[in-house]
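Hi,

Here is the structure I promised to send over. Have a look at it first, and then read on for what turned up in it.

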2 protein chains.
Amino acid sequence: MFILSEQELKIKSLLQQLKKQAGSHSPSIWQLTEHLNNIKITIDACFLSNPYATDLFEEYLQKDLISSGKLREILEYYPSQNAAIARKLSPYLNVEADRIFIGNGASEIIQALLHHFVKKRMAVILPTFSPYYEYAREDVHVFFHYLKKENEFKLNVPLLFKELEQWQCDTLVLINPNNPDGSYLSQATLRTIFEQGKQLEQIIVDESFIHFAYEDDKKSIPSCISLCHEFNNLIIVKSMSKDFGIAGIRAGYGIMHSEKVKTLLKNGYLWNSCGLAEYFFNLLSNSNFLDKYEALRLRYISEMKLFYKLLEQIPEIKVYPSKANFYLIELLGDIPAEDLALALLIRNGIYVRLAKDKIGLRGEFIRIASRRYEENRQICEAISKIFY
Amino acid sequence: MFILSEQELKIKSLLQQLKKQAGSHSPSIWQLTEHLNNIKITIDACFLSNPYATDLFEEYLQKDLISSGKLREILEYYPSQNAAIARKLSPYLNVEADRIFIGNGASEIIQALLHHFVKKRMAVILPTFSPYYEYAREDVHVFFHYLKKENEFKLNVPLLFKELEQWQCDTLVLINPNNPDGSYLSQATLRTIFEQGKQLEQIIVDESFIHFAYEDDKKSIPSCISLCHEFNNLIIVKSMSKDFGIAGIRAGYGIMHSEKVKTLLKNGYLWNSCGLAEYFFNLLSNSNFLDKYEALRLRYISEMKLFYKLLEQIPEIKVYPSKANFYLIELLGDIPAEDLALALLIRNGIYVRLAKDKIGLRGEFIRIASRRYEENRQICEAISKIFY
């Protein structure tokens with residue numbers, strides 16, 4: 001039987017305090033290790049990033065900056081301005097530079113879009129990444145369209161548009177694949193949405209997890225970037241933290257109509273990339289780096305799929321289908337998700353995302369990021385052990 | 001006689017293009033080295049930072065992150081949230097954590113203040129750091145109070161308040177010491193201003209250069225932070241780029257009433273520090289680091305003073321008194337400031353700040369940052385050589 005020890009209950013209350021301070025997000029690894037000093041996190045399956053890509057970035061950084069002694073310049077000099085970095089990113093994205101807005105992580109871009117472009121009424125699909133409603137201006141009304149677990153979080157497009165019309169929204173936000181469930185909108189479905197949504201001021205598509213999704217055998221990245229010319233109201237938001245494994249350097253971009261980029265740059269956002277972010281953006285013009293990244297992306301995707309199969313074999317949980325690098329897991333028995341997450345952390349050093357604060361989720365859920373194969377195997381073993 | 005060669009004139013036009021793209025700021029060193037590949041910048045006297053402090057930060061980073069192998073975690077993990085970093089900074093600043101707002105460089109803080117708190121009418125002292133008027137919302141009227149070179153850019157407080165009343169401003173911005181001239185408001189003068197300005201919604205004091213100013217023999221830092229409790233409308237803005245020599249990691253803080261911090265955090269700014277910025281903020285709790293920093297700050301200040309004496313000996317220029325780590329220099333002869341800056345760059349690899357785009361400055365001005373003593377000496381030698 002599964003019972004938390006007294007010591008574990010003490011840690012539970014400490015964790016609840018940290019969580020309270022962190023609002024609708026998880027405390028950082030730094031916060032956890034500072035405040036829970038007898039717990040060592042060995043597997044971070046809470047934050048969502050490809051560890052193989054971090055290896056690659058670290059390898060380049062070691063060679064280009066550390067061995068060469070150039071790191072000092074990265075620390076000392078002012079980075080280039082937003083538009084200068086956008087010009088360098090333009091060939092990689094195959095989009096005109098004046099349509100690219102560089103962000104200090106996707107969260108800054110979300111904030112900028114919500115503050116400057118949403119007019120009065122915005123529709124968000126639940127469950128979601130909370131900044132999409134938390135950062136809304138006070139004078140904006142946010143409407144929620146609910147995905148249902150009974151439908152495996154699949155979007156019902158006609159129903160959504162019925163609601164949009166009823167609500168008279170000016171803005172629609174989609175995350176594809178969606179966070180925290182991993183549900184995916186195909187390119188064909190998105191085209192239907194864009195066609196039907198032409199009268200909206202903007203459709204924001206957050207593609208932060210798109211590098212893990214695919215529709216063909218070659219696993220090509222099914223991004224909507226190329227549709228930006230056809231649909232003037234389309235805005236793409238992209239974090240670089242997940243696919244490139246570099247959450248700590250804060251890098252992201254948005255793609256939108258050039259008038260929107262102009263508006264944002266008139267309002268600031270001038271030196272919002274740090275030196276390491278500028279170095280990273282420069283790497284995206286380096287074909288050797290990109291070739292190596294592509295191989296690691298494919299490897300990671302295949303291990304994500306194996307992880308799904310391992311998780312499916314645990315009878316006490318339901319794993320929802322996902323095209324992102326994480327799985328939303330529902331606990332079918334009596335153990336509360338919070339206690340499972342706690343036991344994984346204390347007994348195994350595995351940090352997972354408790355989904356308790358995700359509005360629109362009914363039930364006991366945790367979200368687990370896919371890591372290296374061996375780590376994924378350990379996660380499954382640890383979960384099984386707790387149940388038996 | 002001073003004449004630019006044909007080759008130099010070509011570079012001049014290239015530089016003018018880069019400058020045009022950079023707006024009212026200077027192109028980054030990265031942009032210059034990319035586009036002017038036959039010019040090697042050996043002394044950066046354009047951007048404003050203490051190189052000894054960069055040495056110190058580099059030393060700690062080498063030991064704490066690179067030798068220990070911890071750099072990877074800084075790249076991979078999400079940094080802590082704004083409020084978590086503020087809590088750590090609280091003892092160093094001797095201010096309650098809920099009054100501290102962490103920024104991605106001072107420029108993000110300026111943007112946040114101007115967008116969220118300025119009501120309708122704002123007064124800015126000219127010449128100034130341009131984001132203070134460039135980032136103003138479209139519905140805000142910015143009024144300019146002019147400092148005069150004839151008065152060595154000294155502020156006339158009664159005149160300023162006469163104008164403030166006439167303009168019915170809700171916000172006053174002061175930079176102390178001021179950028180780009182280095183003029184300084186004593187603590188006594190500031191207290192007078194704060195007393196008289198109690199009815200204003202806010203007085204923003206940018207102390208980004210305060211570590212280079214002093215009033216006593218011990219060269220104590222004359223910050224206004226301790227006055228924040230007495231004057232509720234006081235807001236302090238602080239870049240860490242200059243004093244700590246780390247422009248590339250983007251770190252700054254603002255100190256303001258806790259209600260204002262709450263308002264900002266409700267609007268985003270959640271993960272706006274990169275991992276290296278969080279590491280740097282942690283260093284401010286390390287007394288060994290702070291002791292070493294203090295010694296280097298004093299050394300740098302004494303070399304700044306020597307630099308002033310060297311510059312004063314050049315008869316063709318007027319150096320304005322400054323308590324910041326730079327000197328505003330007026331050219332008294334026939335050589336345009338642009339050509340002097342160009343010659344320094346091409347012939348000597350010395351990058352200085354052409355002040356042509358600083359509104360409110362009449363005449364031919366350049367701003368030169370103080371570097372290490374030997375570099376300062378080379379700058380003076382190079383300027384003298386151009387004149388003879």
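Let me start with the cysteines. B:Cys224 is buried, having a relative accessible area of just 2%. Please keep in mind that this is a predicted model. The cysteine sulfur closest to that of B:Cys224 belongs to B:Cys228, and at 7.9 Å it is too far away for a bond. A:Cys169 also counts as buried, at 10% relative accessibility. Its closest cysteine sulfur is in A:Cys224, and the 20 Å between them is too far for a bond. Across all chains, the search of the whole structure came back with 0 disulfides.

Next, how the chains are arranged. A turn of 180° with a shift of 0.0 Å along the axis lays chain A on chain B, with an RMSD of 0.0 Å. This is the relation of a two-fold axis. Both copies use the same surface, as 100% of the contact residues of chain A recur in chain B. Within chain A, the residue that comes closest to the rotation axis is A:Cys274, its C-alpha lying at 3.8 Å.

Finally, the largest pocket, which holds about 1300 Å³ of space. It is lined by 46 residues, and those closest to its centre are A:His115, B:His116, B:Thr263, B:Asn267 and B:Tyr269. Helices H6 (106–116) and H10 (258–266) of chain A each give two or more residues to the lining, as do H5 (82–93), H6 (106–116) and H10 (258–266) of chain B. H10(B) provides the largest share, 6 residues. By type, the lining has 14 nonpolar, 17 polar and 15 charged residues.

Best wishes

Notes: Residues numbered from 1 in each chain as written. Chains lettered and ligands numbered in written order. Predicted model: local features only at pLDDT ≥ 70, side-chain atom pairs only at ≥ 80, totals over all residues. Heavy atoms only, no water. 1 Å grid on protein atoms, 1.4 Å probe; cavity = no way out; pocket = protein on both sides within 12 Å on 5 of 7 lines; lining within 4 Å. Points joined across faces, edges and corners; volume = space filled by probe spheres on them. Helix = DSSP H or I, 4+ residues; strand = E, 2+ residues; numbered from the N terminus. Nonpolar A, V, L, I, M, F, W, Y, C, P; charged D, E, K, R; others polar. Least-squares fit on C-alpha atoms with pLDDT ≥ 70 in both. Contact = heavy atoms within 4.5 Å. Disulfide = S-S within 2.5 Å. Buried < 20%, exposed > 50% of the residue type's maximum accessible area, 1.4 Å probe, protein only.
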